[in-house]
Amino acid sequence: MSSQTVVDRIIEFNQGRDPELLKLKYKAMSKDAFVFLRGTCHLFYQDLPVEGVFRSAPPVWSCGDLHLQNFGTFKGDDRLVYFDVNDFDESLLAPCTWDISRLIISTIVGAHALNISDEDAIELCQYFLEIYTKELSSGKDRTIHNEVSTGLVKELLTQLKTRKRKDFLDERTELKGKQRSLKLIDGKTTPATEDQRQRVKDAIAKYAESQENLKFYTVLDVMHRIAGTGSLGLDRYVILVEGNGSPNQNYLLDLKASRSSSLRPYTPYPQPNWSNEAERITAIQDRFQESPPALLTPLVIQNQPYVLRELQPTADRVNLESKDGKIKRLKKVIKTMAEVTAWGQMRSTGRQKSAIADDLIEFAATAPEWHSEVMEYARSYAAQVERDYQAFKTQLGK
């Protein structure tokens, strides 16, 4: 563990980010330990002991930042609606126990947000491990769709499937005649400079040259986008494009700067020689998911890599903070999260040094040994997160 204070480590990691957005990030992180955990992925990997099951577990293509709110619904390239892990900014080849440990720790730390007791949180963690191990043992990968989903996940899938594009656009744009423009929404968007707007328009226009429908990518408006927790402070835009026709078939795109994964200094496995960080993110996401989000692609703008995709509203993410804490309802969500985690790891087996399916099946067979090791560390580190949060709140979260 580093000899620096937790605040020193946070400040060092966030050097170079927009100061005003960093204020928003630190303010969000001061809310509670759960948000603090989500905003400090780098601390988790700086502290993780790369020994025992955290080194010997089979290597898989990992999300890297698996926690309760990094799951959600989205429309894939095939325009079907999926539920899956939905954030791969930190993704790398790593032991399979890294992702599941971070998810379990987020469950313990987030018990207050779930409105459940510590005992119920531990029960959910053990249930996650049980389902995850069962699905690894099967050697198969599946997908979650409306017909087989339950509870909150089914609600999210139905909500996205039935959402009208016009209603979605009306939330985020203003209509003048037959022309839309982006709304300035407090806490969500800020104006872009003319230079920034032009750089984005030029990049999208260049990308559009390689696409069948050039007119689809005609840029109508550009603004800075404020979203996320860990990524706050990185350059990010929301882009309004012509899509399939104005005014009600316009599309909204998300363009987000990419940076190196927090796992990179610590993973024991050599990584592919990606051309840039956006290429890494999109390639791993494509491997992990049955169908990646619509329009997902890496772009480079003035030597800075970005990930472009259709805008995914935060409302499409699993938000358990507003739920009533009933354990049966939460177990349905945890079950689905465990399934899609195991399926994504199984789906991407045998790719550039990741474990083959037989390795994961064999690992699942030894569950009693590593379950206890993962749970013991999760309990211990969840307490460390609480201490770090209090130290952060005292010094920076004012």
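Good morning. I begin with a single residue: Tyr132 is buried, with a relative accessible area of 0%. The structure before you is a predicted model, and what follows has been computed from it.

Tyr132 has an aromatic partner, Trp370, which at 2% relative accessibility also counts as buried. The whole structure contains 18 aromatic pairs. In the one formed by Tyr132 and Trp370, the arrangement is edge-to-face, with 6.3 Å from centre to centre and 85° between the planes. This pair links distant parts of the chain: Tyr132 belongs to helix H8, residues 118-138, and Trp370 to helix H15, residues 367-395, with the two positions 238 residues apart.

A second edge-to-face pair joins Tyr207 and Tyr217, at 5.3 Å centre to centre and 85° between the planes. Tyr207 sits in helix H11, whereas Tyr217 lies in the loop between H11 and strand S8, 10 residues apart. Tyr207 counts as buried at 15% relative accessibility, and Tyr217 does so at 6%.

Ring pairs also build a cluster, which consists of Phe44, Tyr45, Phe54, Trp98, Tyr377 and Tyr381.

Let me turn to the protein as a whole. It comprises 15 helices and 12 strands. Its radius of gyration is 21 Å, close to the 21 Å that the globule rule gives for 398 residues, so the protein is as compact as a globular protein of that length. Buried residues account for 58% of the 398 residues. Of the contacts between residues at least 6 apart in sequence, 74% join residues at least 24 apart.

Finally, the charges: there are 54 positive and 55 negative side chains, and the centres of the two sets lie 5 Å apart. Thank you.

Conventions
Residues numbered from 1 in each chain as written. Predicted model: local features only at pLDDT ≥ 70, side-chain atom pairs only at ≥ 80, totals over all residues. Heavy atoms only, no water. Helix = DSSP H or I, 4+ residues; strand = E, 2+ residues; numbered from the N terminus. Rg over C-alpha atoms; globule rule 2.2 N^0.38 Å. Buried < 20%, exposed > 50% of the residue type's maximum accessible area, 1.4 Å probe, protein only. Contact = heavy atoms within 4.5 Å. Lys, Arg positive; Asp, Glu negative; His and termini not counted. Charge placed at Lys NZ, Arg CZ, Asp CG, Glu CD. Phe/Tyr/Trp six-rings, centres within 6.5 Å; stacked < 30°, edge-to-face > 60°.
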